[in-house]
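Subject: A structure for you to look at

Hi,

Here is the structure I promised to pass on. Have a look at it first, then read my notes underneath.

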Amino acid sequence: MTAVEVVQRRVLRVLGVTQVLGAAGVTIGLAVSTLIAAVLSGSDAVGGLAQTAAALGAALFALPAARLAARRGRRPALILGYGAGAIGAVVAACAVVLGSWQVLVAALVLFGAASSANLAARYAGTDLAHPQRRARSLAIVVWAATLGAVAGPNLADPAGQFAARLSLPVGAGPYLAAAVLFGAAALVVLRFLRPDPLTLAQSAAPVTPAHCAGGVGDTRGSAAVWRALPATGKLALGGITLCHTAMVGLMSMTPVHMDHAGASLRVVGVVISLHVAAMYAASPLFGWMADRLGRVPVLAIGSALVVAASGVAGMAPAHDAPQLAAGLTLLGFGWSAGLVAGSALLTESVSPTDRPAAQGLSDLSMNIGGAVGGVAAGIVVTAWSYAALGLLVGFTALPLLVACLFTSLQRSR
C-alpha cells in the first residue's frame with residue numbers, strides 16, 4: 001500500500017465521522033425549524049421560510065468556502081462551515097428563548113453553513129482517490145451521512161426534554177444539540193484531517209499554463225467559473241443541480257399531498273424515511289457503477305429514475321401511501337445516482353488546482369436549486385395539483401436524460 005493510499009483511508013474514516021455528526025446536527029435542526037418558526041410567528045408561511053433560510057445559508061457559504069479551500073485546503077473550509085453552523089444553532093436557541101421568529105430565521109441562514117460543509121466533505125473524499133475508485137470514495141462519504149440523517153430527528157425529543165430540565169423552552173433543545181454536534185465535527189476535522197487532502201493533491205499536480213492564468217481556480221464570479229468548465233463539467237453540474245431541485249420539489253410537497261387524505265404523521269414519516277434511506281444507503285452501489293460503467297451512464301440512470309419517480313408519485317392518489325412510497329424511493333435513488341456520478345464527473349473534469357471553484361459552484365447551484373424547487377413546487381401544487389408537479393418534474397428531467405445519452409453515444413464512436 002502506497003503512502004497516498006494510507007492517507008486516503010485515514011481521510012475517508014475522518015470524513016465518515018464528520019458526516020455522521022454533521023448530518024445529525026443538520027437534520028435535528030431542520031426537523032423542528034418549520035414547526036418552531038410557525039409557532040413563534042403564528043404563520044405557516046414563516047414556517048416554510050425557515051427551511052428556505054437554511055438552504056439560502058448553505059448557498060451563500062458555498063463559494064467563499066471553496067475559495068478558502070483553494071487557498072488554504074479542506075481543513076479550514078470545513079472547520080469554518082461547521083463552526084459557523086454551531087454559532088447559528090446557538091443563536092437559534094437564543095431566538096426560541098426570546099420568542100423571536102425574525103432572529104430564528106436569520107440564525108438559520110448561518111445554520112445552513114454546516115449543511116454546506118457536509119456537502120463539501122464529499123469532494124474531500126476524492127482529492128487523493130485513485131481515478132478508478134473516485135466515485136466509490138465519494139459514495140462512502142455520502143453513505144456515512146445515512147447514520148446521522150436517521151439519528152438526527154430522533155434526537156429532537158430527548159434534546160427538548162433536556163432543555164426543559166434546564167428551565168429552557170423545549171424548542172431550544174434541538175438547536176443546542178445541533179451546536180454540540182457541529183462543534184464536535186469541527187474538532188474532529190481540526191485534530192484528525194491531517195495532512196490536508198486537497199493541499200497534498202495540489203502539491204502533487206503538475207503546474208500548467210492553464211493553472212497560472214485563465215483556469216477555473218483563478219476566476220472569482222460564478223459565471224466565470226461556469227464559462228471555464230469543459231462540456232463534461234457543465235453536464236455534471238447541470239445534472240447535480242437538476243436532480244437535487246427535482247428531489248426537493250417533489251419530496252417537500254408529498255407530506256402536504258398525503259395530508260389532504262388525512263394520512264397520519266406515522267404514515268407520512270414512513271414514506272419520507274424510505275425516501276431518505278434511498279438517498280444515502282444506495283450511494284455505494286451507484287459509486288461502484290460509476291467507476292465500472294462510467295460517470296455519464298450512471299448520471300443518465302439517475303435522470304431516468306427521476307423521470308420514473310415523478311410519474312409513479314405524481315399519478316398516486318393522496319390516500320395511496322404504498323405508491324407514493326415507491327415513487328419517493330425511486331426519487332431517492334435518482335438523487336443518489338445523480339449526486340455521486342455527477343460529483344465524480346465534475347471532479348475529474350478539472351485539475352486539482354481548479355477543483356474547489358468548480359465544486360463550490362456545484363454546491364451553490366444545488367442549494368439555490370433546492371430553495372427554488374421548494375418554492376416553485378408549493379406554487380404549482382397550490383395553483384394546480386400534485387399531479388401537475390409530478391408532470392413538471394418529469395419533463396424537466398428529460399433534457400438531462402437526452403444529454404447524457406447523446407454524450408454516451410458520442411464517446412462510443
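Which residues does D291 touch, not counting residues up to four places away in sequence? The list is P131, Q132, R133, R134, A135 and R136. Before I go on, please keep in mind that this is a predicted model.

**Around D291 and R295**

I started with D291, so here is where to find it: D291 sits in helix α12, which covers residues 283–293. Is D291 buried or exposed? Its relative accessible area is 15%, and the cut-off for buried is under 20%, so D291 counts as buried. A polar atom of the D291 side chain lies 3.2 Å from the backbone nitrogen of A135. The side chain of D291 also makes a polar contact, at 2.6 Å, with the side chain of R295.

R295 belongs to helix α13 (residues 295–314). With a relative accessibility of 7%, R295 is buried as well. What does R295 meet once its neighbours within four places in sequence are left aside? Its contacts are P131, R134, A135, A290, A341, A344, L345 and E348. If you compare lists, P131, R134 and A135 turn up for D291 and again for R295.

The trail then leads on to E348, since a polar contact of 3.0 Å joins its side chain to that of R295. You'll find E348 in helix α14. E348 is partly exposed, at 34% relative accessibility. Not counting residues up to four places away in sequence, E348 touches R134 and R295. For a sense of distance, E348 and I240 are 108 residues apart in sequence, and their C-alpha atoms are 15 Å apart in space.

**Two helices that cross**

Next, look at helix α1 (residues 3–41) and helix α5 (residues 134–165). Their axes come within 6 Å and cross at roughly 35 degrees. The crossing of α1 and α5 is right-handed. What kinds of residues make up the contact of α1 with α5? There are 19 nonpolar and 7 polar residues, and no charged ones.

**The nonpolar cores**

In soluble globular proteins, nonpolar side chains tend to be buried together. Here the largest nonpolar core has 73 residues, and Y386 and L389 are the ones that touch the most other members. Helix α14 (residues 321–349) gives this core its largest share, 13 residues. A second, separate core holds 48 residues, including A53, L78, A92 and V96.

Y386 is worth clicking on. Leaving aside neighbours within four places in sequence, Y386 is in contact with L250, M253, T254, H257, A313, G314, L324, L328 and V381.

**Two backbone oddments**

Where is the cis peptide bond? It runs from R194 to P195, with omega near -5 degrees. P195 is in the loop between α6 (172–192) and α7 (197–204).

The other spot is S167, a residue other than glycine whose phi is positive, near 65 degrees. S167 lies in the loop between α5 and α6. With 67% relative accessibility, S167 is exposed.

**Two more buried residues**

A124 is in helix α4 (residues 101–124). Its relative accessibility is 0%, so A124 counts as buried. Setting aside neighbours within four places in sequence, A124 is in contact with V11, L15, R74 and P197. From C-alpha to C-alpha, A124 and A70 are 12 Å apart, with their positions 54 residues apart in sequence counted as their separation.

T241 is in helix α10, residues 231–259. T241 is buried too, at 16% relative accessibility. How many residues apart in sequence are T241 and F111? They are 130 residues apart, and 21 Å apart in space from C-alpha to C-alpha. Leaving its neighbours within four places in sequence aside, T241 is in contact with S365 and M366.

If you want a quick route through the model, go from D291 to R295 by their polar contact, and then from R295 to E348 by theirs.

Cheers

Technical notes
Residues are numbered from 1 along each chain as its sequence is written. This is a predicted model: local features need pLDDT of at least 70, side-chain atom pairs count only at pLDDT 80 or more; totals for chains, interfaces and linings use all residues. Side-chain values use heavy atoms; hydrogens and water are left out. Helices (H or I, at least four residues) and strands (E, at least two) are DSSP runs, numbered from the N terminus. Buried means under 20% relative accessible area, exposed over 50%, partly exposed in between (1.4 Å probe, protein chains only). A polar contact is a pair of N or O atoms within 3.5 Å; within protein, one must be able to donate a hydrogen and the other to accept it, and residues adjacent in sequence count only if both atoms are side-chain atoms. Contact means heavy atoms within 4.5 Å. Axes are lines fitted to C-alpha atoms, for helices over the stretch in contact, and angles run from 0 to 180 degrees between N-to-C directions. A crossing is left-handed if the near helix is turned anticlockwise from the far one by less than a right angle, and right-handed if clockwise. Ala, Val, Leu, Ile, Met, Phe, Trp, Tyr, Cys and Pro count as nonpolar, Asp, Glu, Lys and Arg as charged, and the others, Gly among them, as polar. A nonpolar core is a set of buried Ala, Val, Leu, Ile, Met, Phe, Trp, Tyr and Cys residues joined through side-chain atoms within 4.5 Å.
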